[in-house]
Amino acid sequence: MTPRVVLTIAGSDSGGGAGIQADLKTFAALGAYGVSVVTAITAQNTLGVTGIHPVPAESVAAQLDAVLSDLPVAAVKVGMIADPAVAKVIAERVADLPNLVVDPVLVSTSGSRLGEAGVVAVLMPYASVVTPNRQEAGALIGRRVETTSEMAAAAAEIGATGPRAVVVTGSELACDVLWHGGDVTTLRGEPVPTRNNHGSGCTFSSAIAVRLAAGDPVPEAVAAAKRYVRGALLGGARWRLGAGPGPLDHFWNSRSF
């Protein structure tokens with residue numbers, strides 16, 4: 001069977017734990033064929049980001065056009081956008097970007113700033129799902145988001161900007177909050193005792209995109225993505241890759257070597 005094609009539009013992580021590298025691993029692990037458009041090249045590892053080099057908007061446009069003119073993209077995940085001109089390029093092609101999942105990558109796990117809320121906001125009206133963590137949700141609405149009730153309020157406020165659904169993630173609270181169709185649902189889970197969570201947000205949004213490409217409704221896609229990320233966190237919990245927060249085991253559900 002020909003695999004479903006899922007596109008990631010995001011930055012490259014030289015450490016391999018987040019960004020396009022995490023997206024493509026997630027696509028592969030879940031049976032999709034991954035294609036990519038690079039928006040930025042970062043110099044980073046588990047300890048932090050030491051350099052960000054945006055890709056010119058013209059190059060992003062050329063990459064997008066090359067992919068979309070030849071391959072049947074069934075879902076799209078957008079991650080790091082370092083340039084407002086790149087957001088404009090994506091918005092101009094939104095009619096060709098089905099099942100758009102926007103992960104507003106604003107701050108890395110290590111605390112490095114990777115994007116600006118105003119840049120990401122351009123894509124909100126076109127998104128099927130937006131997946132900010134609590135810090136990113138706070139940046140989008142202009143106030144701190146710390147409690148579950150504040151997560152719910154933030155999700156509804158972001159939802160008012162146009163996306164079909166919003167998931168505010170709160171791994172530290174062992175719960176996420178889903179706003180969908182005006183309804184808010186708290187999705188609770190068991191915390192995973194590990195510091196190896198680098199790329200968990202990228203992985204979550206990418207898993208949602210794969211499930212949307214497969215035809216899942218949003219609530220089912222989000223639930224499936226949560227299960228996959230939990231397995232990936234558990235799979236890599238004992239890894240010792242790097243001196244900082246390490247990556248997830250994206251192939252936990254198929255590892256045989």
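The following exchange concerns the sheet, the helix packing and a salt bridge of a predicted model.

Colleague: In what order do the nine strands of the open sheet lie?

Modeller: The model is a predicted one. Its nine strands form an open sheet with mixed pairing. The edge strands, each paired on one side only, are β3 (48–54) and β9 (183–188). Read across the sheet, the order is β3-β2-β1-β4-β5-β6-β7-β8-β9.

Colleague: Which residue in β2 stands opposite Asp 13?

Modeller: Strand β1 covers residues 5–13 and strand β2 covers residues 33–45. The two strands pair in the parallel sense over nine bridges. Opposite Asp 13, in β2, stands Thr 42.

Colleague: Do β2 and β3 run parallel or antiparallel, and which residue in β3 is the bridge partner of Ala 40?

Modeller: A hairpin through two residues joins β2 to β3. Six bridges join these strands, and their sense is antiparallel. The bridge partner of Ala 40 in β3 is Pro 54.

Colleague: Across which strands does helix α1 lie, and at about what angle does it run to β1?

Modeller: Helix α1 spans residues 19–29. The strands that it lies across are β1, β2 and β4 (73–78). Relative to β1, helix α1 runs at about 150°.

Colleague: Are α1 and α7 oblique or roughly parallel to each other?

Modeller: Two packed helices are described by the angle between their axes and the distance between the axes. For α1 and α7 (residues 200–213), the angle is about 40° and the axes are 9 Å apart. Angles under 35 degrees would count as roughly parallel. The two helices, α1 and α7, are therefore oblique.

Colleague: Which residues make the contact of α1 with α7, and how many of them are nonpolar, polar and charged?

Modeller: The crossing of α1 past α7 is right-handed. From α1, the contact is made by Gly 19, Ala 22, Asp 23, Thr 26 and Phe 27, and from α7 by Cys 202, Thr 203, Ser 206, Ala 207 and Val 210. By class, these residues are five nonpolar, four polar and one charged.

Colleague: With which residue does Asp 23 form a salt bridge?

Modeller: The whole structure contains eight salt bridges. In the one formed by Asp 23, the closest N and O atoms are 2.9 Å apart. The pair links distant parts of the chain, 54 residues apart, with Asp 23 in helix α1 and its partner in strand β4. That partner is Lys 77.

Colleague: Are α2 and α3 roughly parallel or oblique to each other?

Modeller: Helix α2 (residues 57–68) packs against helix α3 (residues 84–92) with an axis separation of 9 Å and an angle of about 25°. Angles under 35 degrees count as roughly parallel. The relation of α2 to α3 is therefore roughly parallel.

Colleague: How do the residues of the contact of α2 with α3 divide into nonpolar, polar and charged?

Modeller: The crossing of these helices, α2 and α3, is right-handed. Ala 57, Val 60, Ala 61 and Leu 64 of α2 meet Ala 85, Val 86, Val 89 and Ile 90 of α3. The division is eight nonpolar, no polar and no charged.

Colleague: Is the crossing of α5 and α6 left-handed or right-handed?

Modeller: Helix α5 (residues 134–141) and helix α6 (residues 148–159) pack at about 50°, their axes being 10 Å apart. That angle makes α5 oblique to α6. The handedness of the crossing of α5 and α6 is left-handed.

Colleague: How many residues of the contact of α5 with α6 are charged?

Modeller: The α5 side of the contact consists of Arg 134, Ala 137, Leu 140 and Ile 141, and the α6 side of Met 151, Ala 154, Glu 157 and Ile 158. Six of the contact residues are nonpolar and no residue is polar. The number of charged residues is two.

Key:
Residues numbered from 1 in each chain as written. Predicted model: local features only at pLDDT ≥ 70, side-chain atom pairs only at ≥ 80, totals over all residues. Heavy atoms only, no water. Pairing = 2+ DSSP bridges. Helix = DSSP H or I, 4+ residues; strand = E, 2+ residues; numbered from the N terminus. Contact = heavy atoms within 4.5 Å. Axes fitted to C-alpha atoms, helices over the stretch in contact; angles between N-to-C directions. Parallel < 35°, antiparallel > 145°, perpendicular 65-115°, else oblique. Left-handed = near helix turned anticlockwise from the far one by under 90°. Nonpolar A, V, L, I, M, F, W, Y, C, P; charged D, E, K, R; others polar. Salt bridge = Lys/Arg side-chain N within 4 Å of Asp/Glu carboxyl O.
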